[in-house]
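Visitor: I'd like a close look at just one part of this model, the place where helices pack together. Could you walk me through it slowly?

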Amino acid sequence: MVPRFPETTIVNLDKLTYAGNLQSLRTIESAPNYTFVHGDICDLDLIQRLFAQYNFTTVVHFAAESHVDRSIHAPIDFVKSNVEGTVSLLQAARAAWSNSDQRQCRFLHVSTDEVFGALGASGKFTIDTHYAPRSPYAASKAAADHFVRAYATTYDLPVVISNCSNNYGPYQFPEKLIPLAIVRALEMAPIPVYSRGENVRDWLHVEDHCEALALMLRQGLNGETYLVGGSGECSNLGLLRLLLTIVDEELDRPAGTSLSLITFVKDRPGHDFRYAIDASKLITELGWEPNHTLAAGLRTTVKWYLANRPWLKAVMDETYRTYLQTQYSV
Ligand code: TDX
C-alpha cells in the first residue's frame with residue numbers, strides 16, 4: 001500500500017486490548033514510514049521515551065475505550081484509558097514541546113458527540129452546546145476533553161478537538177450496532193434492538209471522519225473545536241431496515257429474511273434518545289464534505305464484511321487474540 005503521508009513517519013501506539021487487532025493493519029504494516037509499538041498510553045515513561053526517540057510534532061489521539069454498554073459494566077476501565085491515558089499523552093507532549101516552537105506542533109484529540117448528552121426530537125449539537133454527558137463512557141470522554149482544553153489554556157499546548165457522531169465502516173469491532181447486525185444476520189441469529197428501536201443516531205462513514213481529521217491536522221486553527229457529522233440521521237429501526245435489506249440483496253436471500261431476526265430487548269440504562277451534529281463550522285471553514293451517503297456507505301460496508309470473512313471469523317472465534325498472544329503476550 002502507498003503511504004498516505006509519505007513524508008511523515010507514523011508511529012502507531014496501541015495496547016491491543018480486546019478490540020485491538022493487528023490483522024486490521026495488514027495493508028499498512030510493511031509501509032516504510034510506519035512503525036507499530038505495543039504499549040499503554042497510561043505508561044508515561046514509555047510515552048516520554050517515544051517522544052525522545054521520534055521527536056513527534058503531532059499526536060493524533062484516537063485511543064479510547066469506546067463502547068457505552070461496556071462502560072455501564074466497567075466504568076473504571078474508562079476512567080483509566082480515557083482520562084488518565086489522555087492526561088499522560090498531554091503531559092508527555094507538554095514536556096517534549098516546551099522547548100520547541102510549539103506552533104509547529106499539534107495535539108489532535110478525537111472525541112465524541114456523546115459528551116453533549118441527548119437531544120429531543122429536534123435541534124442539533126453545535127460548538128456552543130454545553131457538556132452534559134450521561135453514560136460513564138461519555139463522562140470519561142468529557143473529562144478528557146476538559147483536560148485537553150485545560151492544557152491549552154494553562155500551558156499553551158497547541159490542541160485541536162474533534163467531536164464526531166457515530167462511525168461505521170470496515171474493520172469495526174462487532175460490538176457496535178452495524179457490524180453486530182451484519183454478523184448476526186450472517187449467522188441467522190437474533191439481532192437485539194433496545195426498547196422499540198426509536199433512538200436516533202447520526203451515522204458517518206469512517207473514511208469521511210478520517211478526511212475531517214486530516215483537514216483539522218493541516219488547516220485547523222489552534223485551540224479550536226470542530227464537530228463532525230454526516231447528516232445521516234436515522235432511527236435504529238430505520239437503519240436496520242436499510243442495512244438488512246442490503247444484506248439480503250447481497251446474499252441473494254428472500255427479502256425480509258434478515259429483518260425477521262430483529263428482536264426487541266430491554267433498553268440500555270440511560271439510553272440517549274437522539275444525537276445530531278451541526279458540522280457547518282467544519283464545512284465552511286475547512287471545506288469538508290462527506291463523500292458517502294448512508295445508503296451507499298452501508299452497501300460498501302456490507303460488501304466489505306462479506307468479502308472479509310476470514311477477518312470476521314478470527315474476531316468471532318477469538319483466534320485473533322491467539323495471534324496477538326504469540327506476538328505480544330497480551
Ligand atoms: O445491540 C445493540 N442494540 C441496540 O439497539 C447495540 C450494540 C446498540 N443498540 C442501539 C444503541 C444506540 O442507540 O444502537 C445505537 C447505536 O449503538 P452503538 O453502536 O453501541 O453506539 P452508541 O451507543 O450510539 O455510541 C457510539 O457513538 C458514539 C460509539 O459506540 C461511541 O464510541 C461513539 O463515541
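Guide: Sure. One term before we start: two residues are in contact when heavy atoms of theirs come within 4.5 Å. Keep in mind, too, that this is a predicted model.

Let's start with H5, residues 177–187, and H7, residues 236–250. Two packed helices are described by the angle between their axes and the distance between the axes. For H5 and H7 the angle is about 45°, and the axes are 11 Å apart. Angles under 35 degrees count as roughly parallel and 65 to 115 as roughly perpendicular, so H5 and H7 are oblique to each other. The crossing of these two helices is right-handed.

Now for who meets whom. H5 brings Leu177, Ile178, Ala181, Ile182 and Ala185 to the contact. From H7 come Asn236, Leu239, Leu240, Leu243, Leu244 and Val247. Sort the residues of this H5–H7 contact by character and you get ten nonpolar, one polar and no charged.

H5 has another partner to look at, H9, which spans 294–307. H5 and H9 pack at an angle of about 50°, again with the axes 11 Å apart. That makes H5 oblique to H9 as well, and their crossing is right-handed. On the H5 side the contact is made by Ile178, Pro179, Ile182 and Leu186. H9 answers with Leu298, Thr301, Val302, Tyr305 and Leu306. The tally for H5 with H9 is eight nonpolar, one polar and no charged.

You may have spotted Ile178 and Ile182 in the H5–H7 contact and again in the H5–H9 one. Ile178 is a good residue to click on, and it leads us to the core. In soluble globular proteins, nonpolar side chains tend to be buried together. Here the largest nonpolar core has 32 residues, and Ile178, Leu240, Leu243 and Leu298 touch the most other members. H5, H7 and H9 each supply at least two residues of this core, and so do strand E7 (191–194) and helix H10 (309–316). The biggest giver is H7, with seven residues.

Leu298 of H9 deserves a click too. Leave aside its neighbours within four places in sequence, and Leu298 is in contact with Tyr168, Ile178, Leu239, Leu242, Leu243 and Ile246. Among those partners, Ile178 belongs to the H5 side of the H5–H7 contact, while Leu239 and Leu243 belong to the H7 side. Apart from this core lies another, of 24 residues, among them Phe116, Leu119, Phe125 and Trp288.

Before you leave H5, step back along the chain to the loop between strand E6 (167–168) and H5, where Tyr171 is found. Phi of Tyr171 is near 70°, a positive value in a residue other than glycine. At 34% relative accessibility, Tyr171 counts as partly exposed.

One last stop is His67, in the loop between strand E3 (58–61) and helix H2 (68–73). His67 counts as buried, at 9% relative accessibility. Not counting residues up to four places away in sequence, His67 touches Tyr18, Phe78, Glu175, Lys176 and Arg268.

Definitions and conventions
Residues numbered from 1 in each chain as written. Predicted model: local features only at pLDDT ≥ 70, side-chain atom pairs only at ≥ 80, totals over all residues. Heavy atoms only, no water. Axes fitted to C-alpha atoms, helices over the stretch in contact; angles between N-to-C directions. Helix = DSSP H or I, 4+ residues; strand = E, 2+ residues; numbered from the N terminus. Parallel < 35°, antiparallel > 145°, perpendicular 65-115°, else oblique. Left-handed = near helix turned anticlockwise from the far one by under 90°. Nonpolar A, V, L, I, M, F, W, Y, C, P; charged D, E, K, R; others polar. Core = buried A, V, L, I, M, F, W, Y, C linked by side-chain atoms within 4.5 Å. Buried < 20%, exposed > 50% of the residue type's maximum accessible area, 1.4 Å probe, protein only.
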